[in-house]
Each structure stands twice: as C-alpha cells, then as structure tokens.
Amino acid sequence: MIPRMSEPEREDLRAVRQRHALGLDHARPDAVAARHERGRRTARENLADLIDEGTFVEYGPLIFAAQERRRSREELIARAPADGLVAGVGEVDGRPCVAMSYDYTVLAGTQGMRNHLKKDRLFEIAARRRLPVVLFAEGGGGRPGDVDWPVVAALDCRAFRLFAELSGLVPLVGVASGYCFAGNAALLGCCDVVIATEGSSIGMAGPAMIEGGGLGSVGPDEVGPIDVQHANGVVDIRVDDERAAVTAARRYLSYFRGPTPGPAAVPDQNALRELVPERRRRIYDVRAVLRTLFDRDSVLELRGGFAPGMITALARVDGRPLGVLANNPAHLGGAIDAPAADKAARFMQLCDAFDLPLLFLCDTPGFMVGPAAERTATVRHLARMFVVGASVTVPTGTIVLRKGYGLGAQAMAAGGFNSPLFTVGWPTSEFGGMGLEGAVRLGMRRELEAIDDPAERERAFEAAVAAAYEHGRGINAAAHGEIDDVIDPAHSRRWIEMLFDDGSPEWWRRPHPKRPHIDTW
C-alpha cells in the first residue's frame, strides 16, 4: 500500500533515502565541478545518457572502500561512494543491458575489493540473463589501500575470468575516456568493441607501475595515446568525447537486436553502376560503395584506423543487420596483408557469434607476398581467414566488384567461390589464379625473352594481358559456372536479401554460446 502524502515518512525509510543520496553527484559538488572543469562527465552522467530514463536498477550503491582501518566510515561513505563503481541493469533503447562505469573521482578509478565483488555479481547476472554489457573503463588496477581485506596479492579475484567467459555469449562494449590502465585496460581488452575518446590513454600499466618496473618515467598521456591505439587496432571506434562515445555504444548495440522497425531509407541504387570505373587500373572509393549499397546512414565501420587494406563494418539492408568485409583498392591495390587478415578473421568471429550474416565485397589481387611480407608471419596470419571462414555457420555471400585473384579472392569467399550462398560479379569483375600481368610474365617468359626489340616485347606483353583479361572477365567466369552470375550493380541488394533467414536463431535465446569466445585480436 502506497502511503498517503499527508502521512509522515517513516524514520527507517528516511535513513535509507538519505544514505542513497550521499552517493549521488549532488552530494559531491567539488568532485563534480572538478570533473566538469576538465570537460569530462561523471560516471553517473554517462550512465544516465546511455540508459533509458527511469529504467536503471543500481546494484551495490551503499558499499564503500574497504579502508575502515585507515579512515572513518563517514569519510569513506562521503569520499568513496559505491566503492568507485556505479553499476546495474537498465534498458538501452528498450532492451535490458548491464551497464557499469568506474568513477575516476573515487580513488582514481582503482579496483577495490568490494567493487570487484560487485562486478562478479553483475557479470554472473549478464550470463544468466544473456544481457549485453557496457563497461566505462577509466582508472587503474588493484587498490593496495584496501587494508580491511585479508589478502596477500588478491590474485584469486574472479572478475577477469567471469568477464572473459562472457566473450561470445553476450555483446561486450568497452568505453575508454581519460586514463585507462592495468585492470581497467585488461577488462577493456576483453570487449568485442572498444570505443575511445580523443585524449584517452590506454595501457596495461600506468606511469607508477612502468617506473616501478625499471622502464623509465613517463607521463600518463604518453603510455598509450589515442593516435597509437587507434592505428594499432586496440580501438575500434574513435570519437570526440564521452557524449559521442555513448551514442556510438547505443548504435553498436542496435545491430545485435534484430531488424529495425519501419521502412528503411535506401540510397539510389543506380549510382552503384558508376562507382567502379570502367578503366581497370583506376582507383575508386570503396567506402562510397558501402554508403550507397546499404540502408542510408546504417554503416558503422570498426577498426577504421588499423589495417587500411580491409574494411570491416556493420550495416543494414531493409533494416536487417549484417557484417561487411571489403577490400580497399586504395591501399596496396587491395592486397590482403597480415594485419588485414587478422582484422577480417576476428570480425568474422564476431558476426558469427551473434548470428549476423556476412557479405564479402571482393576486389583483391590476392595475398601480399614477398620477403618483406613474410617477415610479418603472413603464412600463419593469412591462413586465419580460411580457418575462421570454414568455421562460421551464418549465411555468407560474395560480390566481386573488380579483382578476384588467387587465394586472396578465395579468402574473401569463406574459402572458395562455391562456399557462400552466392558468388556474383559486377560487370567490372575479373578473375584469375593470380594477377593477370604476373601470370603473363610467368607463363610467357621464354616467348617474351625471345623478342629482342623492347617496344615489340612490350606490345606482345600488352596483347597477352588483354587476351588474359578477356578470358578472365566476369562474363566468361560465369559462363564456365565458376561464379553464379554477373549482375547489374543496381540489383545487388536482391542477392544480399538471400542472406537473411527469418527463422534463424537469436543469440540471446541460445542455451550455450556458438563459439568458445571471440578472439580479442
């Protein structure tokens, strides 16, 4: 029974309300002001922006740092509310989600013994209810000042194991802003996607630990700045600030929740006919193909700063989400090097784990070869695309935009052109066991060397290349049954629609994860 407004509030209820209020931002004006002066938001402000209004249920708001042997309980309640971790369950765009944020204003966002237990509790709830997790990771690692807890090294904490067990079971989103070191960085690295802001610095140790290890004195901004971590692939999505990070997190989660309601806005598909030039050596913008082929404003590129020869993105067709891998001819002519293969293989695992169909947009002369490439362990890295491609069970399809040569092209078709549900080419498509020029030079070496006149030799070479191109044209490949068809680019979406099966399982209803985990790299 709800008490009437005229009735006085019970003392026990008033005490509970007052205690909860001590952990809110308005009870800590100095800490909040300092945060705002640096252009940053509080942990609670970020969660309020992420979670639908009125849906957040906070876990463990009354705990505080385990330091009563050093400080009074009153001081700890005031200065270490929630033990520096605001966490709970709420809805994001109407779907439940676990959300947690380390509070840098509380003991520099370090991981206290009690907030470790809070994480354990919520990670187990995420597993039991199949809830995505959004983690705002800011701060350091273990907190040595928690003297109330009888430990030696606390290496038996369960949080890292429990969080890692969620990989491949539920979507894991990590957000880094400011300094993210040690334990916070370890959790961040377990996430499926890492979103980081300008000015962030991410590293497996902060300045104190680096100096303590005899590795010199560095500032926190020097450890793992955003320019480094975006280029090396640690950061998937780079954004301006925390507001943009929350927007990116919400957007990312939307791809794992099925089709969007209502009609989709579709760009003019006739424009696809002109995006790949007729002249086969002219470079074009493959991202323009993505923007035109899929629903308007639906393309979310991941790891855009890393391995520029391979584009990996989430997108939609008629509101239905899928994963897209595209060769980028503006880098190495679209050749697949070791970083590009790693990027592609890991993305395939991500999409397969959560039932997103995969579309390959192929334009590659093959795998990157040569002594320099082999020094990057290409034999192992490039093979990942075959091994992972053979293991995925989601529907796959391949559209060859231009070049489809050699093993690289087979990797862009989950192992071979007969592996996907369809393999089709655009009118600009061309095929071969290797690049046409290279094939001619190898196959006709003796004939070409026998021609003394350089000009005549070049004419013979060009004629042989033209003949090889004619033989390898998409129409000829389709006539031999090596691909399914050569299509009008404007009709590409008709083929892509074959990837969607309304009866496919939903990951959140699966009793066990499809894959053991998603590779962190």
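# A walk through the chain, starting at a hairpin loop

Let's start at a small spot: Asp318 sits in the loop that joins strand 11 to strand 12. Bear in mind that this is a predicted model. What makes Asp318 worth a look is its backbone: phi is positive, about 55 degrees, although the residue is not a glycine. The loop belongs to a hairpin of strand 11 and strand 12, with 2 residues between the strands. Is Asp318 tucked away or out in the open? At 35% relative accessibility it falls in between, so it counts as partly exposed.

Now step back from the turn into the strands themselves. Strand 11 (residues 310–317) and strand 12 (residues 320–327) run antiparallel to each other, paired over 8 bridges. Strand 11 also pairs with strand 10 (residues 300–302), again in the antiparallel sense, this time over 3 bridges. A handy residue for seeing both pairings is Ala313. In strand 12, its bridge partner is Val324, while Glu301 stands opposite Ala313 in the pairing of strand 10 with strand 11.

How buried is strand 11? All the way along: 8 of its 8 residues are buried, so the rest of the structure largely encloses this strand. You can follow that on both faces. Met310, Thr312, Leu314 and Arg316 point one way, Ile311, Ala313, Ala315 and Val317 point the other way, and every one of them is buried. Note that Arg316 is in that list, alongside residues such as Leu314.

Carry on past strand 12 and you meet another non-glycine residue with a positive phi: Leu332, with a value near 55 degrees. Leu332 is in the loop that leads from strand 12 to helix 13 (338–353). With a relative accessible area of 40%, Leu332 is partly exposed.

Further along the chain, Thr398 lies in strand 14 (residues 396–405). Thr398 has a relative accessible area of 0%, so it is buried. Which residues surround it? Not counting residues up to four places away in sequence, Thr398 touches Leu359, Phe360, Cys362, Met412, Ala413, Pro420, Phe422, Thr423 and Val424. To get a feel for distances in this model, compare the positions of Thr398 and Cys157: they are 241 residues apart in sequence and 45 Å apart in space, C-alpha to C-alpha.

Now head back towards the N terminus for the open sheet. Here 7 strands line up in the order 1-2-3-4-5-7-9, with mixed pairing. At the edges are strand 1 (57–59) and strand 9 (237–239), each of which pairs on one side only. Neighbouring strands in this sheet are turned against each other by 20 degrees on average, direction ignored. Helix 3 (residues 43–50) packs on the sheet, where it touches strand 1, strand 2 (85–92), strand 3 (95–102) and strand 4 (133–136). The direction of helix 3 makes about 165 degrees with that of strand 3.

Within the sheet, strand 5 (residues 172–176) and strand 7 (residues 193–197) are a parallel pair, joined over 4 bridges. There, Val173 stands opposite Val193 of strand 7. Helix 7 (residues 182–189) lies across strand 3, strand 4, strand 5 and strand 7, at about 140 degrees to strand 5. Helix 7 is mostly covered, with 6 of its 8 residues buried. Those buried residues are Ala182, Gly183, Asn184, Ala185, Leu187 and Leu188.

Next comes Pro207, which lies in helix 8 (residues 207–212). Its contacts beyond four places in sequence are Phe181, Val218, Gly219, Pro220 and Val223. Take Val223 from that list: Pro207 and Val223 are 16 residues apart in sequence, with 7.3 Å between their C-alpha atoms.

Finally, zoom out to the whole chain. The secondary structure comes to 21 helices and 17 strands, and the C-alpha atoms fill a box of roughly 100 × 60 × 40 Å along the principal axes. Of the 521 residues, 50% count as buried. Among contacts with a separation of 6 or more, 75% are between residues 24 or more positions apart. On the outside, the chain exposes about 23900 Å², and carbon and sulfur atoms supply 55% of that. As for charge, there are 62 positive and 69 negative ones, and their mean positions are 3 Å apart.

Definitions and conventions. Residues are numbered from 1 along each chain as its sequence is written. This is a predicted model: local features need pLDDT of at least 70, side-chain atom pairs count only at pLDDT 80 or more; totals for chains, interfaces and linings use all residues. Side-chain values use heavy atoms; hydrogens and water are left out. Two strands pair if DSSP finds at least two bridges between them. Axes are lines fitted to C-alpha atoms, for helices over the stretch in contact, and angles run from 0 to 180 degrees between N-to-C directions. Contact means heavy atoms within 4.5 Å. Buried means under 20% relative accessible area, exposed over 50%, partly exposed in between (1.4 Å probe, protein chains only). Accessible areas come from the Shrake-Rupley method with a 1.4 Å probe; for residues, only the protein chains shown count as cover. Lys and Arg count as positive and Asp and Glu as negative; His and the chain ends are not counted. The place of a charge is taken as NZ of Lys, CZ of Arg, CG of Asp or CD of Glu.
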